[in-house]
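Colleague: Before I rely on the assignments, could we go through the reasoning behind them?

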Amino acid sequence: METISTRYNDPDTLALNGGTSIRNGNWPTWPQYGSMALDLVRQVFDGGRWAVSGTWTGQCPLEQTFAEQFAEFLGVKYCIPTDHCSSALVMSMKSLGIGPGDEVIVPGLTWVACASTVLRVGAIPILVDIEPNTLCLSPEAVESAITTRTAAILVVHLYSAMANMDKLTAISQKYSIPLIEDCAQAHGARWSGQRAGSLGIIGVFSMQQGKALTCGEGGAAVTSDPRLFSLLEQLRNDGRRLAKTPRVVGHMHLEEVGEVIGANLAMSEFQLAVLLDGLNRLEEQNKTRASRAIYLDKCLREISGLEFIRPHHQNDERAYYHYVVRYEPESFAYKSVEAICRALEAELGFWVHPAYRPLNDHPLYRPHLDKNLAHTFADLKSINPTRFELPEASRQHKRSILFHHSVLLGSLLDMDDIATAFEKVQRLSSTLPDD
Ligand SMILES: Cc1ncc(COP(=O)(O)O)c(C=O)c1O
(Lines give C-alpha, C1' and ligand atoms only; values in the text may rest on other atoms or scores of the structure.)
Protein backbone atom coordinates (compact mmCIF):
# COMPACT_ATOMS: atom_id res chain seq x y z
CA MET A 1 0.00 0.00 0.00
CA GLU A 2 1.31 3.50 -0.74
CA THR A 3 1.96 5.72 2.24
CA ILE A 4 -1.04 7.68 3.33
CA SER A 5 0.45 11.14 2.90
CA THR A 6 1.11 10.57 -0.81
CA ARG A 7 -2.42 9.31 -1.49
CA TYR A 8 -4.39 12.29 -0.25
CA ASN A 9 -3.73 15.69 1.21
CA ASP A 10 -5.61 15.77 4.49
CA PRO A 11 -4.48 12.70 6.38
CA ASP A 12 -5.22 14.00 9.86
CA THR A 13 -8.90 14.98 9.70
CA LEU A 14 -11.69 12.57 8.93
CA ALA A 15 -13.97 13.63 6.06
CA LEU A 16 -16.80 13.20 8.54
CA ASN A 17 -15.16 15.88 10.72
CA GLY A 18 -14.66 18.34 7.84
CA GLY A 19 -11.44 16.93 6.33
CA THR A 20 -10.89 16.14 2.66
CA SER A 21 -12.27 12.79 1.62
CA ILE A 22 -10.10 10.17 -0.04
CA ARG A 23 -12.54 9.78 -2.91
CA ASN A 24 -15.47 11.73 -4.15
CA GLY A 25 -17.56 8.95 -5.66
CA ASN A 26 -16.81 7.80 -9.22
CA TRP A 27 -17.26 4.10 -8.50
CA PRO A 28 -18.66 1.51 -10.93
CA THR A 29 -22.41 1.92 -11.23
CA TRP A 30 -25.02 -0.78 -10.74
CA PRO A 31 -27.15 -2.16 -12.38
CA GLN A 32 -25.42 -2.50 -15.75
CA TYR A 33 -26.65 -3.53 -19.18
CA GLY A 34 -25.20 -4.12 -22.65
CA SER A 35 -26.38 -3.73 -26.23
CA MET A 36 -27.73 -7.30 -26.17
CA ALA A 37 -30.38 -6.20 -23.65
CA LEU A 38 -31.51 -3.38 -25.96
CA ASP A 39 -31.64 -5.69 -28.99
CA LEU A 40 -33.61 -8.33 -27.11
CA VAL A 41 -36.04 -5.80 -25.60
CA ARG A 42 -36.77 -4.53 -29.10
CA GLN A 43 -37.23 -8.12 -30.25
CA VAL A 44 -39.81 -8.59 -27.47
CA PHE A 45 -41.62 -5.37 -28.47
CA ASP A 46 -41.77 -6.41 -32.10
CA GLY A 47 -42.40 -10.11 -31.53
CA GLY A 48 -45.74 -9.55 -29.81
CA ARG A 49 -45.03 -12.07 -27.03
CA TRP A 50 -44.57 -10.04 -23.86
CA ALA A 51 -45.35 -12.71 -21.26
CA VAL A 52 -45.28 -16.43 -20.72
CA SER A 53 -49.08 -16.13 -20.47
CA GLY A 54 -49.16 -14.61 -23.99
CA THR A 55 -50.19 -16.54 -27.07
CA TRP A 56 -47.92 -18.73 -29.21
CA THR A 57 -46.26 -16.74 -31.99
CA GLY A 58 -44.28 -19.54 -33.58
CA GLN A 59 -41.15 -18.34 -31.72
CA CYS A 60 -39.79 -19.81 -28.51
CA PRO A 61 -40.28 -17.20 -25.73
CA LEU A 62 -37.18 -15.73 -24.04
CA GLU A 63 -38.42 -17.42 -20.87
CA GLN A 64 -37.48 -20.80 -22.33
CA THR A 65 -34.12 -19.58 -23.65
CA PHE A 66 -33.18 -18.09 -20.29
CA ALA A 67 -34.46 -21.08 -18.31
CA GLU A 68 -32.36 -23.44 -20.42
CA GLN A 69 -29.24 -21.29 -20.24
CA PHE A 70 -29.50 -20.65 -16.49
CA ALA A 71 -30.18 -24.34 -15.76
CA GLU A 72 -27.15 -25.31 -17.82
CA PHE A 73 -25.01 -22.69 -16.07
CA LEU A 74 -26.03 -24.12 -12.69
CA GLY A 75 -25.90 -27.79 -13.67
CA VAL A 76 -29.58 -28.49 -12.94
CA LYS A 77 -32.34 -29.82 -15.20
CA TYR A 78 -35.04 -27.19 -14.75
CA CYS A 79 -35.43 -23.46 -14.09
CA ILE A 80 -38.70 -21.60 -13.53
CA PRO A 81 -38.34 -17.79 -13.71
CA THR A 82 -40.53 -15.95 -11.19
CA ASP A 83 -41.49 -12.37 -10.39
CA HIS A 84 -39.45 -12.40 -7.15
CA CYS A 85 -37.26 -14.73 -5.13
CA SER A 86 -39.90 -14.49 -2.39
CA SER A 87 -42.41 -16.10 -4.78
CA ALA A 88 -39.88 -18.82 -5.61
CA LEU A 89 -39.50 -19.47 -1.86
CA VAL A 90 -43.27 -19.73 -1.35
CA MET A 91 -43.60 -22.01 -4.39
CA SER A 92 -40.73 -24.20 -3.19
CA MET A 93 -42.31 -24.75 0.20
CA LYS A 94 -45.74 -25.39 -1.32
CA SER A 95 -44.30 -27.87 -3.84
CA LEU A 96 -42.78 -29.78 -0.90
CA GLY A 97 -46.17 -29.85 0.80
CA ILE A 98 -45.13 -27.53 3.63
CA GLY A 99 -47.95 -25.75 5.44
CA PRO A 100 -49.69 -25.22 8.80
CA GLY A 101 -48.23 -27.29 11.63
CA ASP A 102 -44.79 -27.50 9.99
CA GLU A 103 -41.57 -25.83 11.05
CA VAL A 104 -38.90 -24.53 8.70
CA ILE A 105 -35.37 -23.82 9.93
CA VAL A 106 -34.18 -20.38 8.83
CA PRO A 107 -30.86 -18.64 9.59
CA GLY A 108 -31.14 -15.87 12.17
CA LEU A 109 -28.98 -13.58 10.02
CA THR A 110 -30.53 -13.05 6.60
CA TRP A 111 -33.02 -10.90 4.72
CA VAL A 112 -36.48 -10.86 6.33
CA ALA A 113 -38.14 -12.49 3.30
CA CYS A 114 -36.51 -15.81 4.23
CA ALA A 115 -38.64 -15.96 7.38
CA SER A 116 -41.73 -14.05 6.20
CA THR A 117 -42.23 -16.43 3.24
CA VAL A 118 -42.38 -19.34 5.70
CA LEU A 119 -45.26 -17.53 7.41
CA ARG A 120 -46.94 -17.06 4.01
CA VAL A 121 -47.35 -20.85 3.69
CA GLY A 122 -48.64 -21.06 7.27
CA ALA A 123 -45.52 -22.73 8.70
CA ILE A 124 -43.42 -21.59 11.66
CA PRO A 125 -39.94 -20.17 11.02
CA ILE A 126 -37.42 -21.58 13.51
CA LEU A 127 -34.55 -19.12 13.74
CA VAL A 128 -31.15 -20.70 14.15
CA ASP A 129 -27.74 -19.16 14.83
CA ILE A 130 -24.87 -18.82 12.37
CA GLU A 131 -21.20 -19.77 12.23
CA PRO A 132 -18.83 -16.80 12.61
CA ASN A 133 -16.45 -17.69 9.78
CA THR A 134 -19.05 -17.61 7.00
CA LEU A 135 -22.07 -15.85 8.64
CA CYS A 136 -24.19 -18.76 7.31
CA LEU A 137 -26.26 -21.39 9.17
CA SER A 138 -24.40 -23.31 11.87
CA PRO A 139 -24.93 -27.03 11.14
CA GLU A 140 -24.68 -27.81 14.86
CA ALA A 141 -27.40 -25.26 15.66
CA VAL A 142 -29.54 -26.70 12.85
CA GLU A 143 -29.27 -30.22 14.21
CA SER A 144 -30.26 -29.10 17.72
CA ALA A 145 -33.32 -27.28 16.34
CA ILE A 146 -34.76 -30.32 14.50
CA THR A 147 -38.08 -31.63 15.80
CA THR A 148 -40.66 -34.06 14.47
CA ARG A 149 -42.33 -31.04 12.83
CA THR A 150 -39.29 -29.83 10.88
CA ALA A 151 -40.34 -29.89 7.24
CA ALA A 152 -37.38 -28.12 5.57
CA ILE A 153 -34.07 -26.39 6.19
CA LEU A 154 -33.72 -23.10 4.34
CA VAL A 155 -30.01 -22.69 3.68
CA VAL A 156 -28.93 -19.15 2.77
CA HIS A 157 -25.54 -18.49 1.19
CA LEU A 158 -24.98 -15.05 2.66
CA TYR A 159 -23.03 -12.06 1.29
CA SER A 160 -19.97 -13.87 -0.13
CA ALA A 161 -19.74 -17.34 1.41
CA MET A 162 -21.61 -20.60 1.11
CA ALA A 163 -23.05 -22.46 4.07
CA ASN A 164 -21.40 -25.77 5.00
CA MET A 165 -23.21 -27.88 2.41
CA ASP A 166 -21.41 -31.12 3.31
CA LYS A 167 -22.61 -31.04 6.91
CA LEU A 168 -26.05 -29.69 6.05
CA THR A 169 -26.56 -32.35 3.37
CA ALA A 170 -25.55 -35.04 5.88
CA ILE A 171 -28.11 -33.67 8.37
CA SER A 172 -30.75 -33.50 5.64
CA GLN A 173 -30.12 -37.17 4.77
CA LYS A 174 -29.93 -38.32 8.40
CA TYR A 175 -33.35 -36.85 9.24
CA SER A 176 -34.91 -36.99 5.73
CA ILE A 177 -35.55 -33.25 5.76
CA PRO A 178 -35.22 -31.42 2.43
CA LEU A 179 -32.76 -28.56 1.93
CA ILE A 180 -33.98 -25.49 0.06
CA GLU A 181 -30.97 -23.46 -1.06
CA ASP A 182 -31.50 -19.69 -1.08
CA CYS A 183 -28.96 -18.37 -3.59
CA ALA A 184 -30.34 -14.82 -3.81
CA GLN A 185 -26.83 -13.65 -2.91
CA ALA A 186 -24.77 -16.40 -4.55
CA HIS A 187 -25.27 -16.49 -8.34
CA GLY A 188 -22.48 -18.68 -9.67
CA ALA A 189 -20.82 -19.68 -6.37
CA ARG A 190 -19.45 -23.23 -6.29
CA TRP A 191 -19.11 -25.92 -3.64
CA SER A 192 -16.74 -28.78 -4.56
CA GLY A 193 -17.24 -27.81 -8.18
CA GLN A 194 -21.06 -27.74 -8.03
CA ARG A 195 -22.92 -24.48 -8.39
CA ALA A 196 -25.01 -23.07 -5.55
CA GLY A 197 -28.61 -23.96 -6.28
CA SER A 198 -27.78 -27.46 -7.51
CA LEU A 199 -27.01 -28.96 -4.08
CA GLY A 200 -30.42 -28.73 -2.41
CA ILE A 201 -33.66 -30.29 -3.66
CA ILE A 202 -34.70 -26.82 -4.87
CA GLY A 203 -32.60 -23.66 -5.29
CA VAL A 204 -34.02 -20.15 -5.42
CA PHE A 205 -32.53 -16.93 -6.79
CA SER A 206 -33.37 -13.24 -6.61
CA MET A 207 -32.87 -10.97 -9.62
CA GLN A 208 -33.81 -7.79 -7.76
CA GLN A 209 -31.83 -4.65 -8.70
CA GLY A 210 -28.93 -5.07 -6.26
CA LYS A 211 -28.22 -8.69 -7.14
CA ALA A 212 -25.31 -9.93 -9.26
CA LEU A 213 -27.77 -11.03 -11.96
CA THR A 214 -30.67 -8.62 -12.19
CA CYS A 215 -33.63 -7.39 -14.21
CA GLY A 216 -34.93 -4.93 -11.59
CA GLU A 217 -37.32 -7.32 -9.86
CA GLY A 218 -37.26 -11.04 -10.48
CA GLY A 219 -36.36 -14.50 -9.32
CA ALA A 220 -36.16 -18.16 -10.22
CA ALA A 221 -36.62 -21.60 -8.73
CA VAL A 222 -34.39 -24.42 -9.99
CA THR A 223 -34.47 -28.17 -9.47
CA SER A 224 -33.50 -31.44 -11.12
CA ASP A 225 -36.59 -33.27 -9.85
CA PRO A 226 -39.21 -33.60 -12.65
CA ARG A 227 -42.14 -33.93 -10.24
CA LEU A 228 -41.17 -30.78 -8.33
CA PHE A 229 -40.59 -28.97 -11.62
CA SER A 230 -44.12 -29.78 -12.74
CA LEU A 231 -45.58 -28.53 -9.44
CA LEU A 232 -43.40 -25.40 -9.42
CA GLU A 233 -44.49 -24.52 -12.96
CA GLN A 234 -48.14 -24.82 -11.99
CA LEU A 235 -47.68 -22.89 -8.75
CA ARG A 236 -46.11 -20.09 -10.79
CA ASN A 237 -48.84 -19.98 -13.48
CA ASP A 238 -52.28 -20.38 -11.86
CA GLY A 239 -52.10 -24.15 -12.35
CA ARG A 240 -50.81 -23.98 -15.94
CA ARG A 241 -47.53 -25.00 -17.56
CA LEU A 242 -45.86 -24.51 -20.93
CA ALA A 243 -47.51 -26.92 -23.36
CA LYS A 244 -45.54 -30.02 -24.29
CA THR A 245 -47.36 -30.40 -27.63
CA PRO A 246 -47.19 -28.02 -30.66
CA ARG A 247 -49.49 -24.99 -30.39
CA VAL A 248 -51.49 -23.10 -32.96
CA VAL A 249 -50.31 -19.52 -33.58
CA GLY A 250 -52.58 -17.16 -31.65
CA HIS A 251 -53.59 -19.82 -29.09
CA MET A 252 -52.36 -19.95 -25.50
CA HIS A 253 -48.88 -21.41 -25.10
CA LEU A 254 -49.75 -22.44 -21.53
CA GLU A 255 -51.86 -25.53 -21.03
CA GLU A 256 -54.16 -26.08 -18.05
CA VAL A 257 -53.18 -28.81 -15.59
CA GLY A 258 -54.59 -27.79 -12.22
CA GLU A 259 -52.92 -30.33 -9.94
CA VAL A 260 -52.35 -27.45 -7.51
CA ILE A 261 -53.80 -24.00 -7.12
CA GLY A 262 -51.15 -21.53 -8.14
CA ALA A 263 -50.91 -17.79 -8.68
CA ASN A 264 -49.53 -15.56 -11.39
CA LEU A 265 -45.94 -15.20 -10.21
CA ALA A 266 -44.37 -14.98 -13.67
CA MET A 267 -41.72 -12.65 -15.02
CA SER A 268 -42.31 -10.65 -18.22
CA GLU A 269 -40.37 -11.25 -21.45
CA PHE A 270 -38.83 -7.75 -21.13
CA GLN A 271 -37.19 -8.77 -17.87
CA LEU A 272 -35.96 -12.00 -19.44
CA ALA A 273 -34.30 -9.95 -22.19
CA VAL A 274 -32.39 -8.05 -19.51
CA LEU A 275 -31.47 -11.26 -17.69
CA LEU A 276 -30.12 -12.97 -20.80
CA ASP A 277 -27.81 -9.99 -21.29
CA GLY A 278 -26.69 -10.09 -17.63
CA LEU A 279 -26.11 -13.85 -17.68
CA ASN A 280 -23.69 -13.28 -20.53
CA ARG A 281 -21.51 -11.15 -18.24
CA LEU A 282 -22.02 -12.92 -14.92
CA GLU A 283 -19.03 -15.28 -14.94
CA GLU A 284 -16.61 -12.61 -16.07
CA GLN A 285 -17.92 -10.16 -13.45
CA ASN A 286 -17.79 -12.84 -10.74
CA LYS A 287 -14.13 -13.42 -11.63
CA THR A 288 -13.33 -9.71 -11.44
CA ARG A 289 -15.14 -9.34 -8.10
CA ALA A 290 -13.37 -12.36 -6.62
CA SER A 291 -9.92 -11.21 -7.72
CA ARG A 292 -10.50 -7.66 -6.41
CA ALA A 293 -11.73 -9.08 -3.10
CA ILE A 294 -8.58 -11.21 -2.75
CA TYR A 295 -6.45 -8.13 -3.41
CA LEU A 296 -8.46 -6.03 -0.96
CA ASP A 297 -8.21 -8.73 1.73
CA LYS A 298 -4.43 -8.62 1.22
CA CYS A 299 -4.29 -4.81 1.60
CA LEU A 300 -6.58 -4.81 4.65
CA ARG A 301 -4.51 -7.51 6.37
CA GLU A 302 -1.88 -4.80 6.91
CA ILE A 303 -4.33 -3.03 9.23
CA SER A 304 -4.60 -4.49 12.70
CA GLY A 305 -7.94 -5.40 14.21
CA LEU A 306 -9.68 -6.53 11.01
CA GLU A 307 -10.95 -10.04 10.47
CA PHE A 308 -12.08 -11.61 7.21
CA ILE A 309 -14.74 -14.05 6.10
CA ARG A 310 -13.20 -17.51 6.11
CA PRO A 311 -15.13 -19.65 3.64
CA HIS A 312 -15.05 -23.44 3.83
CA HIS A 313 -12.36 -24.87 1.53
CA GLN A 314 -15.07 -26.68 -0.47
CA ASN A 315 -16.46 -23.24 -1.44
CA ASP A 316 -14.03 -23.24 -4.36
CA GLU A 317 -15.61 -20.32 -6.21
CA ARG A 318 -17.00 -17.38 -4.27
CA ALA A 319 -19.73 -15.10 -5.58
CA TYR A 320 -19.89 -11.68 -3.97
CA TYR A 321 -23.11 -9.89 -3.14
CA HIS A 322 -21.48 -7.83 -0.43
CA TYR A 323 -17.87 -7.59 0.66
CA VAL A 324 -17.68 -8.11 4.45
CA VAL A 325 -14.93 -7.35 6.92
CA ARG A 326 -15.19 -7.52 10.71
CA TYR A 327 -13.41 -5.22 13.18
CA GLU A 328 -12.23 -5.63 16.74
CA PRO A 329 -13.76 -2.80 18.80
CA GLU A 330 -10.52 -2.17 20.73
CA SER A 331 -8.68 -1.42 17.48
CA PHE A 332 -11.23 1.25 16.57
CA ALA A 333 -11.49 3.13 19.90
CA TYR A 334 -14.58 1.06 20.82
CA LYS A 335 -16.69 3.02 18.32
CA SER A 336 -19.94 1.51 17.04
CA VAL A 337 -20.18 -0.21 13.67
CA GLU A 338 -22.59 2.51 12.54
CA ALA A 339 -20.04 5.25 13.37
CA ILE A 340 -17.26 3.43 11.51
CA CYS A 341 -19.47 2.81 8.48
CA ARG A 342 -20.44 6.50 8.35
CA ALA A 343 -16.77 7.53 8.50
CA LEU A 344 -15.77 5.11 5.72
CA GLU A 345 -18.68 6.24 3.58
CA ALA A 346 -17.64 9.89 3.99
CA GLU A 347 -14.09 9.01 2.88
CA LEU A 348 -15.09 6.88 -0.10
CA GLY A 349 -18.41 8.14 -1.44
CA PHE A 350 -20.32 4.86 -1.53
CA TRP A 351 -22.74 3.22 0.90
CA VAL A 352 -21.02 1.35 3.72
CA HIS A 353 -23.27 -0.38 6.27
CA PRO A 354 -23.49 -3.07 8.96
CA ALA A 355 -24.77 -6.63 8.40
CA TYR A 356 -28.50 -7.37 8.81
CA ARG A 357 -29.94 -7.11 12.27
CA PRO A 358 -30.63 -10.59 13.63
CA LEU A 359 -34.20 -11.67 12.92
CA ASN A 360 -35.07 -11.96 16.62
CA ASP A 361 -34.51 -8.19 16.85
CA HIS A 362 -35.44 -6.82 13.44
CA PRO A 363 -37.83 -3.88 12.95
CA LEU A 364 -39.19 -5.44 9.71
CA TYR A 365 -39.88 -8.82 11.28
CA ARG A 366 -42.44 -8.66 14.09
CA PRO A 367 -44.99 -11.25 12.92
CA HIS A 368 -46.46 -11.81 16.39
CA LEU A 369 -47.80 -8.22 16.27
CA ASP A 370 -49.47 -8.65 12.86
CA LYS A 371 -53.26 -8.94 13.17
CA ASN A 372 -53.61 -10.77 9.83
CA LEU A 373 -51.35 -13.56 10.99
CA ALA A 374 -53.54 -14.17 14.03
CA HIS A 375 -56.00 -15.89 11.63
CA THR A 376 -53.39 -18.49 10.68
CA PHE A 377 -51.44 -18.89 13.91
CA ALA A 378 -53.70 -19.52 16.88
CA ASP A 379 -50.64 -19.42 19.14
CA LEU A 380 -48.92 -16.16 18.23
CA LYS A 381 -46.15 -16.96 20.68
CA SER A 382 -44.93 -19.66 18.28
CA ILE A 383 -44.04 -17.02 15.70
CA ASN A 384 -42.62 -14.49 18.16
CA PRO A 385 -38.99 -14.20 17.00
CA THR A 386 -37.78 -12.97 20.39
CA ARG A 387 -38.11 -16.53 21.69
CA PHE A 388 -34.97 -17.49 19.75
CA GLU A 389 -31.45 -16.82 20.98
CA LEU A 390 -29.02 -15.73 18.28
CA PRO A 391 -25.88 -14.58 20.10
CA GLU A 392 -23.49 -15.11 17.17
CA ALA A 393 -25.77 -13.32 14.68
CA SER A 394 -26.01 -10.42 17.11
CA ARG A 395 -22.23 -10.32 17.68
CA GLN A 396 -21.53 -10.36 13.94
CA HIS A 397 -24.12 -7.64 13.25
CA LYS A 398 -22.28 -5.37 15.69
CA ARG A 399 -18.86 -5.84 14.08
CA SER A 400 -19.42 -6.41 10.35
CA ILE A 401 -18.71 -3.69 7.80
CA LEU A 402 -20.21 -4.23 4.34
CA PHE A 403 -20.35 -2.71 0.91
CA HIS A 404 -21.97 -3.67 -2.40
CA HIS A 405 -20.40 -6.00 -4.97
CA SER A 406 -20.38 -3.33 -7.68
CA VAL A 407 -17.44 -1.65 -5.92
CA LEU A 408 -15.43 -4.83 -6.56
CA LEU A 409 -15.80 -4.21 -10.29
CA GLY A 410 -13.41 -1.27 -9.85
CA SER A 411 -9.64 -1.21 -10.45
CA LEU A 412 -6.82 -2.27 -8.14
CA LEU A 413 -6.21 1.44 -7.45
CA ASP A 414 -9.83 1.66 -6.31
CA MET A 415 -9.13 -1.16 -3.85
CA ASP A 416 -6.04 0.75 -2.63
CA ASP A 417 -8.31 3.72 -1.88
CA ILE A 418 -10.61 1.51 0.17
CA ALA A 419 -7.65 0.20 2.18
CA THR A 420 -6.41 3.75 2.67
CA ALA A 421 -9.83 4.74 4.01
CA PHE A 422 -9.80 1.88 6.52
CA GLU A 423 -6.31 2.86 7.67
CA LYS A 424 -7.35 6.52 8.08
CA VAL A 425 -10.57 5.73 9.93
CA GLN A 426 -8.77 3.34 12.26
CA ARG A 427 -5.93 5.79 12.99
CA LEU A 428 -8.37 8.61 13.70
CA SER A 429 -11.11 6.50 15.26
CA SER A 430 -10.82 8.28 18.60
CA THR A 431 -11.98 11.49 16.84
CA LEU A 432 -15.16 9.84 15.56
CA PRO A 433 -18.31 11.40 16.99
CA ASP A 434 -20.11 9.09 19.43
CA ASP A 435 -23.58 7.89 18.43
C1 LIG B 1 -31.15 -14.13 0.96
C2 LIG B 1 -32.37 -13.54 0.32
N3 LIG B 1 -33.47 -14.30 0.17
C4 LIG B 1 -34.59 -13.82 -0.39
C5 LIG B 1 -34.66 -12.52 -0.86
C6 LIG B 1 -35.93 -12.02 -1.46
O7 LIG B 1 -35.74 -11.69 -2.80
P8 LIG B 1 -36.85 -10.87 -3.62
O9 LIG B 1 -36.73 -9.47 -3.17
O10 LIG B 1 -36.45 -11.07 -5.05
O11 LIG B 1 -38.16 -11.46 -3.30
C12 LIG B 1 -33.54 -11.69 -0.74
C13 LIG B 1 -33.58 -10.31 -1.19
O14 LIG B 1 -32.72 -9.51 -0.95
C15 LIG B 1 -32.37 -12.22 -0.12
O16 LIG B 1 -31.28 -11.47 0.02
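Colleague: What do the buried residues of H5 pack against?

Modeller: In this predicted model, the buried residues of H5 pack against helix H4 (85-95) and against strands E2 (103-107), E3 (124-128), E4 (150-156) and E5 (179-182).

Colleague: What makes H5 (residues 113-120) mostly covered?

Modeller: A residue is called buried when its relative accessible area is under 20%, and 6 of the 8 residues of H5 are buried, namely Ala113, Cys114, Ala115, Thr117, Val118 and Leu119. H5 is followed by glycine 122, whose phi is positive, near 85 degrees.

Colleague: Why are E12 and E13 said to pair?

Modeller: Pairing requires at least two bridges between two strands; 3 bridges join E12 to E13 (residues 322-327), so the two count as paired, and they run antiparallel. In E13, arginine 326 is the bridge partner of glutamate 307.

Colleague: Why are E12 (306-308) and E14 (352-354) called edge strands?

Modeller: The open sheet has 4 strands in the order E12-E13-E15-E14, with antiparallel pairing, and E12 and E14 are its edge strands in that each pairs on one side only. Neighbouring strands of this sheet are turned by 35 degrees against each other on average, direction ignored.

Colleague: Which strands does H9 touch, and how does H10 run relative to E14?

Modeller: Helix H9 (residues 269-300) packs on the sheet and touches E12, E13 and E15 (400-404), its direction making about 15 degrees with that of E13. Helix H10 (residues 337-348) lies across E13, E14 and E15, and runs at about 170 degrees to E14; angles here run from 0 to 180 degrees between N-to-C directions, so H10 and E14 point in nearly opposite directions.

Notes. Residues numbered from 1 in each chain as written. Predicted model: local features only at pLDDT ≥ 70, side-chain atom pairs only at ≥ 80, totals over all residues. Heavy atoms only, no water. Contact = heavy atoms within 4.5 Å. Buried < 20%, exposed > 50% of the residue type's maximum accessible area, 1.4 Å probe, protein only.
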